[in-house]
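Student: I would like a close look at one part of this model. Please start from a single strand pairing and work outward from there.

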Amino acid sequence: MECQRWLPLEANPDVMNQFMQQLGLLPSWQFGDVFGTDPELLSLVPRPVCSILLLFPVTEKYEAFKQEEEAKIKADGQKVAPKVYFMKQTISNACGTIGLIHALANNRDKLEFETNSVMKTFLDNSTPLNPEEKAKYLENDESIRVTHEFSAQEGQTEAPSLDEKVDLHFITFVNVDGCLYELDGRKPFPINHGSTTADNFLEDAVQVCKKFMQRDPDELRFTVVALHKP
């Protein structure tokens with residue numbers, strides 16, 4: 001069976017906010033741009049921040065690093081808290097929606113949802129599942145798919161065709177029990193980047209984002225978005 005293919009989501013906070021609110025997230029937290037990685041620009045980001053999304057180009061350098069990282073973690077092991085919500089990506093171009101789900105699912109103690117909303121129901125039902133089962137559950141969720149397709153066409157740039165190859169990818173950073181986790185549905189497991197705090201989370205997550213940028217210094221196609229209190 002051919003895997004599903006969705007239109008890619010734009011790294012546009014307005015689109016993300018509209019998308020999530022249509023699925024039932026109340027606007028007590030909102031997505032906003034992070035305009036740069038230096039301290040002066042980070043100081044402009046409203047606090048607190050509970051999640052960071054990074055959009056980056058998938059290059060040969062990145063793929064080589066990804067394989068090395070995976071092999072090292074499999075050899076050395078890592079600690080991952082059982083409560084980390086992590087899902088695999090089985091739908092082509094769904095990384096934006098999966099990134100948003102990772103951001104919301106790992107901050108449910110802070111966020112508010114409309115009762116019986118699409119997203120609240122999705123999170124309630126998918127949380128007990130393993131990463132592969134979560135992916136299958138998303139494949140079968142028609143409400144999220146339809147809302148994703150609508151939002152993917154709402155951006156400032158024209159959405160590519162379904163057949164066009166997209167080499168940009170979304171991942172999410174969250175703080176779970178004082179550890180900074182990178183959540184990427186193309187990877188076999190969450191990546192634990194070490195300790196963090198609610199106060200330092202933005203700076204700690206951006207330090208990891210900068211490593212992505214340093215690996216591909218000729219690339220400019222990086223976008224960082226924060227989920228913060230408005």
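Which residue in β5 does C179 stand opposite? Take that as the way in, and show me what surrounds it.

Tutor: A caution before the answer: this is a predicted model. The residue opposite C179 is S195, in β5.

Start with the strands. β5 covers residues 191-195. β4 and β5 pair in the antiparallel sense, over 3 bridges. β4 also pairs with β3, residues 168-176. That pairing is antiparallel too, and 5 bridges make it up. β4 thus has pairings described with both β3 and β5.

How enclosed is β4? The strand runs over residues 179-183, and 5 of its 5 residues are buried, so the rest of the structure largely encloses it. Buried here means under 20% relative accessible area. The side chains split by direction. C179, Y181 and L183 point one way. L180 and E182 point the other way. Both sets are buried. That includes E182, one of the two on the second side.

Now follow E182. Across the β3-β4 pairing, E182 is the bridge partner of F173. Both E182 and F173 are also among the residues that F212 touches. Keep F212 in mind; the helix side is built around that residue in this account.

First, the turn. The hairpin of β3 and β4 has 2 residues between its strands. D177 is placed in that loop. Its phi is near 55 degrees, a positive value in a residue that is not glycine. D177 has 54% relative accessibility, so it counts as exposed. Compare N93. That residue also has a positive phi, about 70 degrees, and is not a glycine. N93 sits in the loop between α3 and α4. There the relative accessible area is 10%, so N93 is buried. The turn residue D177 is exposed, whereas N93 is buried.

Back to F212. This residue lies in helix α8. Its relative accessible area is 4%, so it counts as buried. Leaving out residues up to four places away in sequence, F212 touches L54, F56, Y62, I171, F173, E182 and F222. E182 brings us back to β4, where it is one of the buried residues.

Next, the helix itself. α8 has 15 residues, which at 1.5 Å a residue should span 21 Å. The end C-alpha atoms are 22 Å apart, so the geometry agrees. Its buried residues are F201, L202, A205, V206, V208, C209 and F212. Seen down the helix axis, they fall within an arc of 160 degrees, so they line one face of α8.

Then the rings. The structure holds 4 aromatic pairs. One of them joins Y62 and F212. This pair is stacked, at 5.8 Å centre to centre and with 25 degrees between the planes. Y62 lies in α3, residues 60-76, and F212 in α8, residues 201-215, so the pair ties together parts that are 150 residues apart in sequence. Both partners are buried. Ring pairs also bring in F56, which gives a cluster of F56, Y62 and F212.

A charge joins the picture. The charged end of R215 sits over the ring of F212, 4.7 Å from its centre. The charged end of R215 also sits over the ring of F65, at 3.6 Å from that centre. F65 and F212 are 147 residues apart in sequence, but 9.9 Å apart in space, C-alpha to C-alpha.

One more strand residue is worth a stop. H228 lies in β6, residues 223-228. With 8% relative accessibility, H228 counts as buried. Sequence neighbours up to four places away are again left out. H228 then touches W29, Q30, F31, G32, V45, P46, P48 and V49. P48 deserves a second look. The peptide bond from R47 to P48 is cis, with omega near -5 degrees. P48 sits in the loop between α2 and β2.

To retrace the route: C179 faces S195 in β5. E182 in β4 partners F173. F212 touches both E182 and F173. From F212, the stacked ring pair leads to Y62, and the charged end of R215 sits over the ring of F212.

Conventions. Residues are numbered from 1 along each chain as its sequence is written. This is a predicted model: local features need pLDDT of at least 70, side-chain atom pairs count only at pLDDT 80 or more; totals for chains, interfaces and linings use all residues. Side-chain values use heavy atoms; hydrogens and water are left out. Rings of Phe, Tyr and Trp (its six-membered ring) pair if their centres lie within 6.5 Å; planes under 30 degrees apart count as stacked, over 60 as edge-to-face and the rest as tilted. Helices (H or I, at least four residues) and strands (E, at least two) are DSSP runs, numbered from the N terminus. Buried means under 20% relative accessible area, exposed over 50%, partly exposed in between (1.4 Å probe, protein chains only). A charge sits over a ring if NZ of Lys or CZ of Arg is within 6 Å of the ring centre and within 35 degrees of the ring normal. The expected span of a helix is 1.5 Å times one less than its number of residues. The arc is that of the directions from the helix axis to the C-beta atoms. Two strands pair if DSSP finds at least two bridges between them. Contact means heavy atoms within 4.5 Å.
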